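Reader: I would like to go through this model with you. Could you show it first, and then explain the terms as they arise?

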Amino acid sequence: MPFSHHSHSGQFCAHAQDNLENVVQAAIARKMQILALTEHMPREQQDLYPEEASVSQSLIVLLDIFRQYYVEARRIQQAYLADINILIGMEVDWIRPSSRVYIEDLLTEYPLELFIGSVHHVHCVPIDYSVALFDEARNLSGGSNERLFEDYFDLQYEMLMALKPPIVGHFDLIRLKSDEPNTNFAGMEGVQRRISRNLTFIANYGGVLELNSAALRKGLREPYPNAEISKQFLALGGRFTISDDSHGIDQLGCHYRELFGFAKETGVLQIVYFEKGSCDKDVRFPNVTSKAIPLSELESHPFFA
């Protein structure tokens, strides 16, 4: 029963492709059985990505787009109830401490079924959009990759403590636009300490790390998180799910064969998935439960035929 707990559509995300319903129909055609819809939360004016600013989007516009997304997602969830298990959520962007109130307001207004906790900005600058913006963030950290990595994981820790997200998104996304995108952070003691601290916190509150295949799609040798981090989390008793972080139909289930091979080599034996049911862990989502399936069972699914 292949699934993805992290997806976007061009209908509600300016840097994605395809209509949301078409994405769901494609997932059904590819025999996916669970799809979490996780469009980005609206961001404040100063945090807009270039493609959003270029079409004069504003916070008011983005708030309305998110409202439209929620209404449409609920309609689609009911329309395809017999064909696929759809979960409605969002990907949060932790940018600064004030993000907490904004995110909690959204969670109060919209009865979502999960959310992904992510960090895409450091010093309020996007770190995964372009090399130029990554360099800007690095300069604000003092000019070294190591200091920027430390700042990233410190900001991530703020997010983890404040929100305890059910799923933690692309844990080591900070690698993507760096000079060493395949780094395992070797020799960076301060970075390693922060990674260990964050992983321990996630394991202790019962959060789930996504094995995110988007890193493979973008040319990295390993998914997010890399092998060293994944093994460390596994040793803590940590749980993993799988995500394609798709931004359109062509990316649904992209690089899942490689992702599963990576999981086996890393020692991951079970994959967690979320579905509708009686709450088992997170009381914020009373109608959602998490279960585990052997990786070997996933690999034998018709999706891979």
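Author: Helices (H or I, at least four residues) and strands (E, at least two) are DSSP runs, numbered from the N terminus. By that rule, H121 sits in strand β5 (residues 121-122).

Reader: What should I know about the source and the numbering?

Author: This is a predicted model, in which local features need pLDDT of at least 70 and side-chain atom pairs count only at pLDDT 80 or more, while totals for chains, interfaces and linings use all residues. Residues are numbered from 1 along each chain as its sequence is written, and side-chain values use heavy atoms, with hydrogens and water left out.

Reader: Back to H121, then: buried or exposed?

Author: H121 is buried, with a relative accessible area of 1%. Buried means under 20% relative accessible area, exposed over 50%, and partly exposed in between (1.4 Å probe, protein chains only).

Reader: And which residues does H121 touch?

Author: Not counting residues up to four places away in sequence, H121 touches R43, D47, Y49, W94, I95, P126, I127 and L155. Contact means heavy atoms within 4.5 Å.

Reader: What about V24?

Author: V24 belongs to helix α1 (residues 20-29) and is buried, its relative accessible area being 0%. Leaving aside neighbours within four places in sequence, V24 is in contact with L35, L37, I76, Y80, I84 and I86. The C-alpha atoms of V24 and Q77 are separated by 9.3 Å, although these residues are 53 apart along the chain.

Reader: Changing topic: how many disulfides does the structure hold?

Author: Zero, where a disulfide is a pair of cysteine sulfur atoms within 2.5 Å. For C13, the nearest cysteine sulfur is that of C254, 16 Å away. C13 counts as buried at 5% relative accessibility, whereas C124 is partly exposed at 33%.

Reader: How many aromatic pairs are there?

Author: A search of the whole structure finds 14. Rings of Phe, Tyr and Trp (its six-membered ring) pair if their centres lie within 6.5 Å; planes under 30 degrees apart count as stacked, over 60 as edge-to-face and the rest as tilted. Among the pairs is Y157 with F201, edge-to-face at 5.7 Å centre to centre and 80° between the planes.

Reader: Where do Y157 and F201 lie along the chain?

Author: Y157 is in helix α6 (residues 145-163) and F201 in helix α7 (residues 189-205), so this pair links distant parts of the chain, 44 residues apart. R197 also lies over the face of Y157, at 4.1 Å from the ring centre. A charge sits over a ring if NZ of Lys or CZ of Arg is within 6 Å of the ring centre and within 35 degrees of the ring normal.

Reader: Any other pair worth listing?

Author: F233 and F240 are edge-to-face as well, with 5.4 Å centre to centre and 90° between the planes. Both F233 and F240 are buried.

Reader: Which residues are buried in helix α9?

Author: In α9 (residues 227-235), they are A227, I229, S230 and F233. Seen down the axis of α9, these buried residues fall within an arc of 165°, so they line one face of the helix. The arc is that of the directions from the helix axis to the C-beta atoms. Their cover includes α7, β8, β9 and α10 (256-266).

Reader: How do β8 and β9 pair?

Author: Strand β8 (residues 208-212) pairs with β9 in the parallel sense over five bridges; two strands pair if DSSP finds at least two bridges between them. V208 has R239 in β9 as its bridge partner. Four of the five residues of β9 (residues 239-243) are buried.
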